[in-house]
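Here's a short set of exercises to work through with the model open beside you. Try each task before you read its solution.

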Amino acid sequence: MTRKVIALSLVALGLLAFGGCRARTDRSEGSVLLSVTDFDELPILVSASSGPFQIGELVLRNVPKEPGGVTSDLQTIEIRSYEVRYSRRDGGRRVPPPLVQGLFGNVAVNSETTYNNLAFMLSDQFATPPLSDLARTGVDPETNSTVIVLDVTMRFFGRTLAGDDIVSAPASFTIEVRP
């Protein structure tokens with residue numbers, strides 16, 4: 001019994017120690033952060049019977065964790081991929097499957113890069129419930145609504161030239177999907 005109490009105490013102390021860390025800077029191993037700084041031309045209304053859907057323009061920025069510190073070319077981030085996840089805002093539980101795509105480019109420290117027409121919904125998302133149900137019947141059977149409201153959350157993955165894995169903080173926007 002004493003061992004269990006000690007083990008639980010150690011776990012609780014570990015959680016408290018990690019809970020006090022700054023979550024934004026602890027996501028990435030290296031000395032830089034990858035940040036989504038701008039979305040332009042975001043669709044807010046999409047059709048379940050068409051697609052793909054894209055973001056007109058998205059800007060990623062490479063920011064040093066230590067402002068004013070020494071920087072080098074080894075802090076350049078090679079972008080490798082991005083992930084899109086969906087969550088419901090309308091009380092429904094079924095969501096489209098995540099979208100994971102390869103993506104290429106470099107973002108030097110203290111600079112940014114722009115991506116145009118980056119997909120956030122492709123055929124896999126429309127071919128599965130709840131979007132396939134909405135396109136076929138005009139109604140989401142889970143909520144009996146003609147509209148599905150989704151939060152779209154994107155994260156970007158890369159690696160510095162020094163070999164540190166980098167993950168951006170999630171960036172989100174909301175869309176309405178209609179038949």
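**Exercise 1. Find out how far the predicted model can be trusted, and where its confidence is low.**

Solution. Start with the average: this is a predicted model, and its pLDDT averages 87 over the protein. Next, look at the spread: 84% of the residues score at least 70. Then go to the N-terminal end, where residues 1-27 have a pLDDT below 50. Beyond near neighbours in sequence, that stretch has 12 contacts in the model.

**Exercise 2. List the elements in order and describe the overall make-up of the protein.**

Solution. Count first: there are four helices and nine strands. From the N terminus, they run α-α-β-β-β-β-β-β-α-α-β-β-β. Now take the contacts between residues at least 6 apart in sequence: 72% of them join residues at least 24 apart. Finish with burial and surface. Of the 179 residues, 39% count as buried, and the accessible surface comes to about 9,900 Å², with 54% of it belonging to carbon and sulfur atoms.

**Exercise 3. Work out which strands make up the open sheet that includes β3, and which of them sit at its edges.**

Solution. Follow the pairing across the sheet: the order is β1-β3-β6, and the pairing is antiparallel. Then check which strands pair on one side only; these are the edge strands, β1 and β6. From one strand to the next, the twist averages 35°. To see the register, zoom in on β1 and β3, which pair over eight bridges. Here L34 has N62 of β3 as its bridge partner.

**Exercise 4. Identify the pairing partners of β9 and say what its two faces look like.**

Solution. Take the pairings one at a time. β7 pairs with β9 in the antiparallel sense over seven bridges, and M154 stands opposite A171 of β9. Strand β2 (residues 45-47) pairs with β9 too, but in the parallel sense and over three bridges; the partner of V46 in β9 is V177. Now walk along β9 itself, where the side chains alternate. A171, F173, I175 and V177 point to one face and are buried. S172, T174, E176 and R178 point to the other face and are not buried.

**Exercise 5. Pick out the residues that touch the most other members of the largest nonpolar core, then trace what surrounds F156.**

Solution. The core holds 37 residues, and F120, M154 and F156 touch the most other members. Next, ask which elements give two or more residues to this core: they are β1 (32-40), β3 (53-64), β4 (77-88), β5 (99-107), β6 (112-121), α4 (131-137), β7 (148-160) and β9 (171-178). Then centre the view on F156. Leaving out residues up to four places away in sequence, F156 touches L34, V36, L58, L60, S81, Y82, L103, L118, I166, V167 and S168. For background, nonpolar side chains in soluble globular proteins tend to be buried together.

**Exercise 6. Hunt for unusual backbone geometry: which peptide bonds are cis at P52 and P130, and what phi do N117 and N144 have?**

Solution. Keep the usual case in mind: most residues other than glycine have a negative phi, and most peptide bonds are trans. Begin with the prolines. The bond between G51 and P52 is cis, with omega about 5°; P52 sits in the loop between β2 and β3. The bond from P129 to P130 is cis as well, with omega near 10°, and P130 lies in the loop between α3 (123-126) and α4.

Now the asparagines. N117 has a positive phi of about 55° and belongs to strand β6. N144 has a positive phi of about 60°, and its place is in the loop between α4 and β7. Add their exposure: N117 is partly exposed at 47% relative accessible area, while N144 counts as exposed at 63%.

**Exercise 7. Decide whether P96 is buried or exposed, and find its contacts.**

Solution. Locate P96 first: it's in the loop between β4 and β5. Its relative accessibility is 3%, so P96 counts as buried. Then list what P96 touches, leaving aside neighbours within four places in sequence: Y86, M121, Q125, T128, P129, P130, L131 and L150. As a last step, compare chain distance with space: P96 and Y86 are 10 residues apart along the chain, and their C-alpha atoms are separated by 6.5 Å.

Definitions and conventions. Residues are numbered from 1 along each chain as its sequence is written. This is a predicted model: local features need pLDDT of at least 70, side-chain atom pairs count only at pLDDT 80 or more; totals for chains, interfaces and linings use all residues. Side-chain values use heavy atoms; hydrogens and water are left out. A nonpolar core is a set of buried Ala, Val, Leu, Ile, Met, Phe, Trp, Tyr and Cys residues joined through side-chain atoms within 4.5 Å. Buried means under 20% relative accessible area, exposed over 50%, partly exposed in between (1.4 Å probe, protein chains only). Contact means heavy atoms within 4.5 Å. Two strands pair if DSSP finds at least two bridges between them. Axes are lines fitted to C-alpha atoms, for helices over the stretch in contact, and angles run from 0 to 180 degrees between N-to-C directions. Accessible areas come from the Shrake-Rupley method with a 1.4 Å probe; for residues, only the protein chains shown count as cover. pLDDT is the predictor's confidence in each residue, from 0 to 100.
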